[in-house]
Amino acid sequence: MKVKTILVSQPEPKIENSPYFDLQEKQKVKIDFRPFIHVEGVDAKEIRLQKVDLKNYTAIVLTSRNAVDHFFRVAEEMRFKVPDTMKYFCQSEAVAYYLQKYVVYRKRKIYVGKRNFAELCPLIKKYKDESFLLPTTDKLKPEVPEILNELNVNWKKAVFYRTVISDLSDLADVYYDILVFFSPSGIDSLFHNFPDFKQNETCIAVFGNTTIKAAEAKGLRVDIAAPTPETPSMTMALEKHIKEVNKKK
């Protein structure tokens, strides 16, 4: 069966040069984007119930752009003026770049990891005397608190936003050749919306080991996986799969 349609369980990219658009044009496939999950902010009152007082922290650990948005949203709701001396520890360059939406980059103390959280550890350890706040989702990966505890630093986790399953009922009668997932929550959303989902000939593409495990736990057949040495990005993995499938026809 030739690959004609792909559904990516994320918002449509806002940049014009997204590799997904290149893939769509080169391989002549139709790619739709639909978030299977979304985030909802936790209000300041609930955060206070978590015994969080922003003035008690000298450093913020940011693992995603959502964490950036909701930290500054809460700071505004609490009427807390973030001091210029605040240190920001960003999991990746993408998160650090996004931080410029709220602060003047060159005038702030920003420390950047490469991609995964473990690579940020040496920087956090170097500033172990700081008081760290981790504004995060209720679906935090367990490795993050484990790593921070191992570093033996003064830190606190606070839920600033929640991951919520989106309503996908309008997709009930729509078929796609490939479904693409990037998180276990996306897999949960699929079965929450469609409890009787049968994979049949639909290919499942997943990014990351935790997502693979979540898919397999639900009995899904994982046909496409990234990252790998050969396919470090999802678009590369999809393109390789499409070429292999179409070659057989």
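**View 1. Helix 9 lies across four strands.** In this predicted model, helix 9 (234-247) crosses strand 1, strand 9 (178-181), strand 10 and strand 11. Its direction makes about 140 degrees with strand 11. Helices (H or I, at least four residues) and strands (E, at least two) are DSSP runs, numbered from the N terminus. Axes are lines fitted to C-alpha atoms, for helices over the stretch in contact, and angles run from 0 to 180 degrees between N-to-C directions. Contact means heavy atoms within 4.5 Å.

Residues are numbered from 1 along each chain as its sequence is written, and side-chain values use heavy atoms, with hydrogens and water left out. Local features need pLDDT of at least 70 and side-chain atom pairs count only at pLDDT 80 or more, while totals for chains, interfaces and linings use all residues.

**View 2. Five strands form an open, parallel sheet.** The strand order is 2-1-9-10-11. Strand 2 (30-33) and strand 11 are the edges, and each pairs on one side only. From one strand to the next, the twist averages 20 degrees. Two strands pair if DSSP finds at least two bridges between them.

**View 3. Strand 1 meets strand 2, with helix 1 packed on the sheet.** Strand 1 (residues 5-8) and strand 2 pair in the parallel sense over four bridges. Leu7 has Asp32 of strand 2 as its bridge partner. Helix 1 (residues 19-27) touches both strand 1 and strand 2. The helix direction makes about 150 degrees with that of strand 2.

**View 4. The largest nonpolar core has 30 residues.** A nonpolar core is a set of buried Ala, Val, Leu, Ile, Met, Phe, Trp, Tyr and Cys residues joined through side-chain atoms within 4.5 Å. Buried means under 20% relative accessible area, exposed over 50%, and partly exposed in between (1.4 Å probe, protein chains only). Leu54, Leu62, Phe71, Tyr88, Leu99, Leu133 and Phe160 have the most contacts inside this core. Two or more residues come from each of helix 2, strand 4, helix 3 (65-77), strand 5 (87-90), helix 4 (93-98) and strand 8 (154-165). Helix 3 gives the most, with six residues. Another core, of 19 residues, lies apart from this one and includes Ile6, Ile178, Val180 and Met234. In soluble globular proteins, nonpolar side chains tend to be buried together.

**View 5. Phe71 has contacts from across the sequence.** Neighbours within four places in sequence are left aside here. Phe71 then touches Leu54, Ile60, Val82, Tyr88, Leu133, Pro135 and Phe160.

**View 6. A cis peptide bond joins Ala226 to Pro227.** Omega is near -5 degrees. Pro227 sits in the loop between strand 11 (222-226) and helix 9.

**View 7. Lys51 and Asn200 have positive phi.** Neither residue is a glycine. Phi of Lys51 is near 60 degrees. Lys51 belongs to the loop between helix 2 (44-49) and strand 4 (59-62), and is exposed at 71% relative accessibility. Asn200 has a phi of about 50 degrees. The loop that holds Asn200 runs between helix 7 (184-193) and strand 10 (203-207). With a relative accessible area of 61%, Asn200 is exposed.

**View 8. The protein chain has nine helices and 11 strands.** Its C-alpha atoms fill a box of roughly 60 × 35 × 35 Å, taken along the principal axes. Of its 249 residues, 46% count as buried.
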